[in-house]
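Student: I am new to this structure and would like to learn how to read it one feature at a time. Could we go through it together, slowly?

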Amino acid sequence: MGKGLGKGFDSAAVAFHRDGELALAASVVTIGAFDGVHRGHQELLRQTIAAARRRGVPAVVYTFDPPPKVYFGQAEPLISLREKLARIATFAPDHVVVADFNQIYVRRSAAEFLAELRRLQPREVIVGEDFRFGSCKRGTAQLLRQHFNTRILPPVRCGDGEIVSSSRIRTLRRSGLAAAAAALEDWRDIVTASPASRSGLAQFEVISQ
């Protein structure tokens, strides 16, 4: 397990790694900042774990610390790394990879990221349509699709049609609308549910843009 990762909560079923440490013979992978692990992120986790179970391969969540927007000073983190890992672990993926998003990492090219991803031998990669990777965000979900079997999920929306996003949660919090922000994160229902039922909880309507 990566040093300092997965400590302080019940993560016995999940293996935690730093970037570059993990190599697998097969997997299904999802990638993202997962800041807040909100309803949109939860849909990525559900789809990834379900696809991995169907294929009989490990489910891998690849994330970043700090989230890229936080590193570049464009936003404040919604939750700590410890809380993020605890929330991800609630969905019981097999592996979580945490990349140190620092001065060295931000200079990595899209090709270097693809090379690291190949070490996981993904049978399927599942990302959101706004996913970007590599220096200057040159890598897109469409580029990922050229190299791997990639499923691009449409955004998750709430009842008023707004996309569920970390940015929207931050805006609601700054406006003093804590209850509305918490509803987009949806952790009260998740943490009180049995593990077997978490994958089907609180799914918003998924609408293509």
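**Salt bridges and what they join**

Tutor: Let us start with a pair of charged residues: the side chains of Asp94 and Arg53 meet in a salt bridge, at 3.1 Å from N to O. Asp94 lies in the loop between α3 and β4 while Arg53 lies in helix α1 (residues 39-55), so the pair ties together parts that are 41 residues apart in sequence. Please keep in mind throughout that this is a predicted model.

Student: What should I know in general about such pairs, and how many salt bridges does the structure hold?

Tutor: Side chains of opposite charge can pair when their charged atoms come close. In this structure there are 8 salt bridges. Another of them joins the side chains of Arg18 and Asp100, again with an N to O distance of 3.1 Å. Here Arg18 belongs to strand β1 (residues 15-18) and Asp100 to strand β4 (residues 95-100), so parts that are 82 residues apart in sequence are tied together by the pair.

Student: Are Arg18 and Asp100 buried, partly exposed or exposed?

Tutor: Arg18 counts as partly exposed because its relative accessibility is 21%, and buried would require a value under 20%. Asp100, at 30% relative accessibility, counts as partly exposed.

Student: Which residues are joined into one network by salt bridges that share partners?

Tutor: Begin with one pair, in which the side chains of Arg108 and Asp19 meet in a salt bridge of 3.7 Å, N to O. Arg108 sits in the loop between β4 and α4 (110-118) and Asp19 in the loop between β1 and β2, so the pair ties together parts that are 89 residues apart in sequence. Arg108 is buried, with a relative accessible area of 17%, whereas Asp19, at 24% relative accessibility, counts as partly exposed. For comparison with the opening pair, Asp94 is partly exposed with a relative accessible area of 26%, and Arg53 counts as partly exposed at 43% relative accessibility. Turning to the network itself, salt bridges with shared partners join Asp19, Arg108 and Glu116.

**An enclosed space and an enclosed helix**

Student: How many cavities of 30 Å³ or more does a search of the whole structure find, and which residues line the largest cavity?

Tutor: The search finds 1 cavity of that size, and its volume is about 40 Å³. The lining is made up of Arg18, Asp19, Gly20, Glu21, Leu22, Tyr62, Val97, Glu116 and Leu120. These lining residues divide into 4 nonpolar, 1 polar and 4 charged. You have already met Arg18 in its salt bridge with Asp100, and Asp19 and Glu116 in the network with Arg108.

Student: Why is helix α3 described as largely enclosed by the rest of the structure?

Tutor: One counts the buried residues in the helix: 7 of the 10 residues of α3 (residues 81-90) are buried, so the rest of the structure largely encloses it. They are Lys84, Leu85, Ala86, Arg87, Ile88, Ala89 and Thr90. Just after α3, Ala92 takes a positive phi of about 60°. In the chain as a whole, 49% of the 209 residues count as buried.

**Backbone details and confidence**

Student: Where does Cys136 lie, and where does Lys137?

Tutor: Cys136 lies in the loop between β6 (132-133) and β7 (139-140), and Lys137 has its place in the loop between β6 and β7. Phi is positive in Cys136, near 60°, and in Lys137, at about 55°, although neither is a glycine. Cys136 counts as exposed at 63% relative accessibility, and Lys137 is exposed with a relative accessible area of 55%. As a further backbone detail, the peptide bond from Asp65 to Pro66 is cis, with omega near -5°.

Student: Which elements have the lowest and the highest mean pLDDT?

Tutor: Helix α8 (residues 187-192) has the lowest mean pLDDT, 48, and strand β2 (residues 27-31) the highest, 98. Over residues 189-209 the pLDDT is below 50, and beyond near neighbours in sequence this stretch has 39 contacts in the model. Where pLDDT is low, the predicted coordinates should not be read in detail. The chain averages a pLDDT of 81, with 69% of the residues scoring at least 70.

How values were computed. Residues numbered from 1 in each chain as written. Predicted model: local features only at pLDDT ≥ 70, side-chain atom pairs only at ≥ 80, totals over all residues. Heavy atoms only, no water. pLDDT = per-residue confidence, 0-100. Helix = DSSP H or I, 4+ residues; strand = E, 2+ residues; numbered from the N terminus. Contact = heavy atoms within 4.5 Å. Buried < 20%, exposed > 50% of the residue type's maximum accessible area, 1.4 Å probe, protein only. 1 Å grid on protein atoms, 1.4 Å probe; cavity = no way out; pocket = protein on both sides within 12 Å on 5 of 7 lines; lining within 4 Å. Points joined across faces, edges and corners; volume = space filled by probe spheres on them. Nonpolar A, V, L, I, M, F, W, Y, C, P; charged D, E, K, R; others polar. Salt bridge = Lys/Arg side-chain N within 4 Å of Asp/Glu carboxyl O.
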